[in-house]
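Me: I should like to learn how to read a protein model step by step. May we begin with the fold as a whole and then turn to its interior?

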Amino acid sequence: SRGWCRAELWCRLLSIRHDTKVIVLFSAKEALYILPYDWQRHLVADGLFTVESDRAVVVKLGEMALNSKISHLRKSGMLTEYRFYLARRPALLKQQQEKWNLQGFLDHFCFPNLEDAVRLESGMTGMMCAIMAGDVDMLKILV
């Protein structure tokens, strides 16, 4: 739960490497395999710091790693993953969730139109984006 350890974990898991497996060693007899999404429960902003001013540095580092991941996913055309990280971004960074009008939501999550956002049957559908982003008002529009 140390802040710098969380930052290291985030940077590893948010890298563009294909193999991002992580094993945490606690002692010669105790190890823990981190599941791919366990890191989301360990926010960098909630880490423990000996020097409190390090928190802002680590939060900025986590934000840079997450933004880099999101940018890479968009450029690579990996829309499902892109939408997932984009929807989770405010919660992961402990930031205020943005409120969108319908067109803003469609643009933000790269849906060409409302029909595509609603009609998509798998992956990060419009409804999944709204749910993961915690946007109840947009969810009402999409239902």
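Me: What percentage of the contacts in the protein with a separation of 6 or more is accounted for by residues 24 or more positions apart?

Reply: Please keep in mind that this is a predicted model. Among the contacts with a separation of 6 or more, 55% join residues 24 or more positions apart.

Me: Which pattern does the protein follow along the sequence?

Reply: One lists the helices and strands in order. Here there are 7 helices and 2 strands, and they follow the pattern α-β-β-α-α-α-α-α-α. The C-alpha atoms fill a box of roughly 55 × 30 × 25 Å along the principal axes.

Me: How many residues does the largest nonpolar core have?

Reply: In soluble globular proteins, nonpolar side chains tend to be buried together. In this model, buried residues make up 36% of the 143 residues. The largest nonpolar core has 35 residues, and those with the most contacts inside it are Trp10, Trp39, Tyr85, Phe105 and Phe109. Elements giving two or more residues to this core include α1, α2 and α3. The largest share, 6 residues, comes from α3.

Me: Is α3 largely enclosed by the rest of the structure or not, and why?

Reply: One counts the residues of the helix that fall under 20% relative accessible area. In α3, 10 of the 14 residues are buried, so this helix is largely enclosed by the rest of the structure. Among its buried residues are Tyr82, Phe84, Tyr85 and Leu86, together with Arg83, Arg88 and Arg89. The buried residues of α3 pack against α1, α2, α4 and α6.

Me: What distance does α3 reach from its first C-alpha to its last?

Reply: The span may be set beside an expected value. α3 reaches 19 Å, close to the 20 Å expected at 1.5 Å a residue. Just after α3, Lys94 takes a positive phi of about 55°.

Me: Is Val44, in the loop between β2 and α2, buried or exposed?

Reply: The place of a residue in a loop and its accessible area are read separately. Val44 lies in the loop between β2 and α2, and Val44 is buried, with a relative accessible area of 1%. Leaving aside neighbours within four places in sequence, Val44 is in contact with Arg6, Ala7, Trp10, Phe49, Val58, Val59 and Gly62.

Me: Which residues does Trp10 touch, not counting those up to four places away in sequence?

Reply: Trp10 touches Trp39, His42, Leu43, Val44, Gly62, Leu92 and Leu93. Of these, Leu92 is also one of the buried residues of α3.

Key: Residues numbered from 1 in each chain as written. Predicted model: local features only at pLDDT ≥ 70, side-chain atom pairs only at ≥ 80, totals over all residues. Heavy atoms only, no water. Core = buried A, V, L, I, M, F, W, Y, C linked by side-chain atoms within 4.5 Å. Buried < 20%, exposed > 50% of the residue type's maximum accessible area, 1.4 Å probe, protein only. Helix = DSSP H or I, 4+ residues; strand = E, 2+ residues; numbered from the N terminus. Contact = heavy atoms within 4.5 Å. Expected span 1.5 Å × (residues − 1).
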